[in-house]
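Trainee: I would like to learn how to read the way two chains are arranged, and after that how to read a sheet. Could we go through both slowly?

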There are 2 protein chains.
Amino acid sequence: MSLSDCRVIELPKIADARGNLTFVEGGNHIPFDIKRVYYLYDVPGGADRGEHAHKALHQFVICMSGSFDMVLDDGFETQRFHLNRSYFGVYVCPMMWRYLDNFSSGSVCMVMASAPYDESDYIRDRAEFISAVAAS
Amino acid sequence: MSLSDCRVIELPKIADARGNLTFVEGGNHIPFDIKRVYYLYDVPGGADRGEHAHKALHQFVICMSGSFDMVLDDGFETQRFHLNRSYFGVYVCPMMWRYLDNFSSGSVCMVMASAPYDESDYIRDRAEFISAVAAS
């Protein structure tokens, strides 16, 4: 899949003076069922994370607090997303090399994923990723 | 169901100097599949939310940032939970009156739910809730 299959999705926001509420339903607001939710926290300001790709996993990435950048790379081109609002998220399709950087202190990154954890779905070597893209 | 069916669940925490990671798989760490995720943010310090019960919905509540309290009430007894760590969550079974209060400024409350939004699943009137408990 290519970078053009990834996209920013604006989520519903129910505004209320007692706090705002945003919701995400699997198969409705995002194009997959939610099998796993994970989140990164206690990230030191300026840290970077996540140099890898997934063979088959679909993901949806939201900045729940603070801000960070996510760079997506399909082997041909790259795009940098600055995430700093919890009612926007980025849909990340399979076979997309990604890394996160520019974390603000106290930021929280939440990811919804289409499958349980499976180490065999990871591509952690950049050269292997480029070979797999070329073979597809 | 009664208050004894609700419980604090400690989630996996993968500690890393570049930030910690916690994950939740539906049907594994929590006793239901995740059909919907919603979150409360921009809650003013000291605000309160959520005076209602659900007839059939299962939920899992996590404090993603800051802190807040959740009070659960099965119609006979109540329990107050103070949430301030993102690797702990509270499983909330159906037919549990709940409210959230004591929000710290900048806190984020995330909820995983067993079904898409359905207004007919809500009980928003306390007297109606007590009647339903008595009839069960």
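Mentor: Let us begin with a definition: copies are superposed by least squares on the C-alpha atoms of residues with pLDDT of at least 70 in both. Please keep in mind that this is a predicted model. In general, two copies of a chain are related by a rotation about an axis and a shift along it.

Trainee: By what turn and what shift can chain B be laid on chain A?

Mentor: A turn of 180 degrees, with a shift of 0.0 Å along the axis, lays chain B on chain A with an RMSD of 0.0 Å. That is the relation of a two-fold axis. Within chain B, the C-alpha nearest this axis belongs to Ile34(B), and it lies 3.0 Å from the axis.

Trainee: Through which surface do the copies meet?

Mentor: They meet through the same surface, because 100% of the interface residues of chain B are also interface residues in chain A.

Trainee: And how should I read a sheet?

Mentor: Strands of a sheet pair through backbone hydrogen bonds, either parallel or antiparallel. Here, an open sheet of seven strands runs in the order β1(A)-β9(A)-β6(A)-β11(A)-β4(A)-β3(B)-β2(B), with antiparallel pairing. Its edge strands, each pairing on one side only, are β1 (7–10) of chain A and β2 (13–14) of chain B.

Trainee: Which residue in β9(A) is the bridge partner of Val61(A)?

Mentor: The partner is Val90(A); strands β6 (residues 59–65) and β9 (residues 88–92) of chain A pair in the antiparallel sense over four bridges.

Notes. Residues numbered from 1 in each chain as written. Chains lettered and ligands numbered in written order. Predicted model: local features only at pLDDT ≥ 70, side-chain atom pairs only at ≥ 80, totals over all residues. Heavy atoms only, no water. Contact = heavy atoms within 4.5 Å. Pairing = 2+ DSSP bridges. Helix = DSSP H or I, 4+ residues; strand = E, 2+ residues; numbered from the N terminus.
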